[in-house]
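Work through the exercises below with the sequence and the 3D view side by side. Try each task before reading its solution.

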Amino acid sequence: MKVKWGFLKRLHLDHTYGLLTARSAYLCFQAFNLLDWRGEGSLDDVQFHAFMSIATDLTEKHIYKVFDIFDLDRSGSVEFDEFYLLTSILVAIKDNQGKQFMYQHWRTCFEILDEDGGRTISLTEFCTLGFLFNFTPRAIQNIYKEFDVAGNMELDYSEFRLFVLAAIEMQKRLDNEIDPLPTRIYKYVQSHLQKMNLPFLKKGSEEDVNGQSQGSEPMLMVAAQMVRRITTGRSASRSVTKSTERRNSIALSQQLLEEDGDLEAQLGNVKEEAEDVLSVKEGEKDTSITV
Ligand SMILES: [Ca+2]
Ligand SMILES: [Ca+2]
């Protein structure tokens, strides 16, 4: 599940408690009131669907599933407390803190996943609802292999608790192992430049992925330029030029966008850094590239 609504990007969780900050909770309440246009203090399935289709990339089938799950008191509608819980999860996922959220609210998450209320989470339940926390079916299979101690394809409280503890440890390890974001983007751009045999990639720059040395400057420029183009949403047609470098970089950014939809989100995070780089470059040289 991907959170795509700009409004939710303004909301954040308090790190200590894993709940919406006061300001975020206020905004959440305002959003709820807007959606609840009849003023009934609850959202019906249609209003809920409208919200979820703006906020996420879930299919209609999944959205109605989420509606059923979050209607915790089975009232046939989603009240503010239920909406608040859902929003907290969406914000956690948006901030890549889904597992942290599970850790902090493991009992609530257990109850969400335990759809039939039987006090265990069956493999089927996990598979049906795992998309909420972005677990792939394969990951879920592995979870059961490792944490279903009793071997009955059900996770009870203690098995689930063990799994959540392990997941958070795994997440920490992953976070430490993964390169910082700008480096990853430079690597990504670099590999594409090489694949496309672009002429302006100077020899000897292949090893340098941090954009520090003279040799990698063109690559850095392209990355910065690409970030700027994507994040400002300007069309390629406005940037047509005779410059080979510029044409190549436009082609490259389009190709990157087609190949990796997630890149757009990743690139948004380094926009400022990239713009700094670009403005320095523009100040230094007459041959600057503007988009
Ligand atoms: Ca309800
Ligand atoms: Ca169950």
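**Before you start**

This is a predicted model, in which local features need pLDDT of at least 70, side-chain atom pairs count only at pLDDT 80 or more, and totals for chains, interfaces and linings use all residues. Residues are numbered from 1 along each chain as its sequence is written, chains are lettered from A and ligands numbered from 1 in the order in which they are written, and side-chain values use heavy atoms, with hydrogens and water left out.

**Exercise 1. Find the protein donors of the calcium ion (ligand 1), then sort Ser75 and Ser77 by accessibility.**

Step 1. Apply the cut-off. Donors are N, O and S atoms within 2.8 Å of the metal, or 3.2 Å for Na, K and Ca; water is not among the atoms, so sites may look incomplete.

Step 2. List the atoms. Asp71 (OD), Asp73 (OD), Ser75 (OG), Ser77 (O) and Glu79 (OE) each donate, and Glu82 (OE) appears twice. They lie 2.3 to 2.6 Å from the ion.

Step 3. Write the spacing. The donor residues follow D-x1-D-x1-S-x1-S-x1-E-x2-E.

Step 4. Sort the two serines. Buried means under 20% relative accessible area, exposed over 50%, and partly exposed in between (1.4 Å probe, protein chains only). Ser75 counts as partly exposed because its relative accessibility is 39%. Ser77 has 12%, so it counts as buried.

**Exercise 2. Do the same for the calcium ion (ligand 2).**

Step 1. Its protein donors are Asp114 (OD), Asp116 (OD), Thr120 (O) and, listed twice, Glu125 (OE). The distances run from 2.2 to 2.6 Å.

Step 2. The spacing in sequence reads D-x1-D-x3-T-x4-E.

Step 3. Check two donor residues for accessibility. Asp116 is exposed because its relative accessible area is 60%. Thr120 is at 24%, so it is partly exposed.

**Exercise 3. Which residues of helix H4 are buried, and what do they pack against?**

Step 1. Fix the element. Helices (H or I, at least four residues) and strands (E, at least two) are DSSP runs, numbered from the N terminus. H4 covers residues 60–70.

Step 2. Pick out the buried residues: Ile63, Val66, Phe67, Ile69 and Phe70. They sit on the same side of H4, because they cover an arc of only 165° around the axis. The arc is that of the directions from the helix axis to the C-beta atoms.

Step 3. Recall the geometry. An α-helix has 3.6 residues a turn, so residues three or four places apart point the same way.

Step 4. Find the partners. Contact means heavy atoms within 4.5 Å. The buried residues of H4 pack against strands S1 (42–43) and S2 (78–79), and against helices H3 (45–55), H5 (80–94), H7 (106–113) and H8 (123–129).

**Exercise 4. How many salt bridges are there, and which residues form them?**

Step 1. Set the rule. A salt bridge is a side-chain nitrogen of Lys or Arg within 4 Å of a carboxyl oxygen of Asp or Glu. The count is 3.

Step 2. Take Arg38 and Asp44. Their closest N and O atoms are 3.0 Å apart. Arg38 is partly exposed, since its relative accessible area is 41%.

Step 3. Take Lys65 and Glu115. Here too the closest N and O atoms are 3.0 Å apart. This pair links distant parts of the chain, 50 residues apart: Lys65 is in H4, while Glu115 is in the loop between H7 and strand S3 (121–122). Lys65, at 23%, is partly exposed, and so is Glu115, at 34%.

Step 4. Take Lys94 and Asp95. Their side chains meet at 2.9 Å, N to O.

**Exercise 5. What do Thr87 and Leu85 touch?**

Step 1. Place them. Thr87 is in helix H5, and Leu85 lies in H5 as well.

Step 2. Check burial. Thr87 is buried because its relative accessible area is 2%. Leu85 has 14%, so it is buried.

Step 3. List contacts, leaving out residues up to four places away in sequence. Thr87 touches Leu8, Leu11, Leu20 and Cys28. Leu85 is in contact with Phe70, Leu72, Phe101, Thr108 and Ile112.
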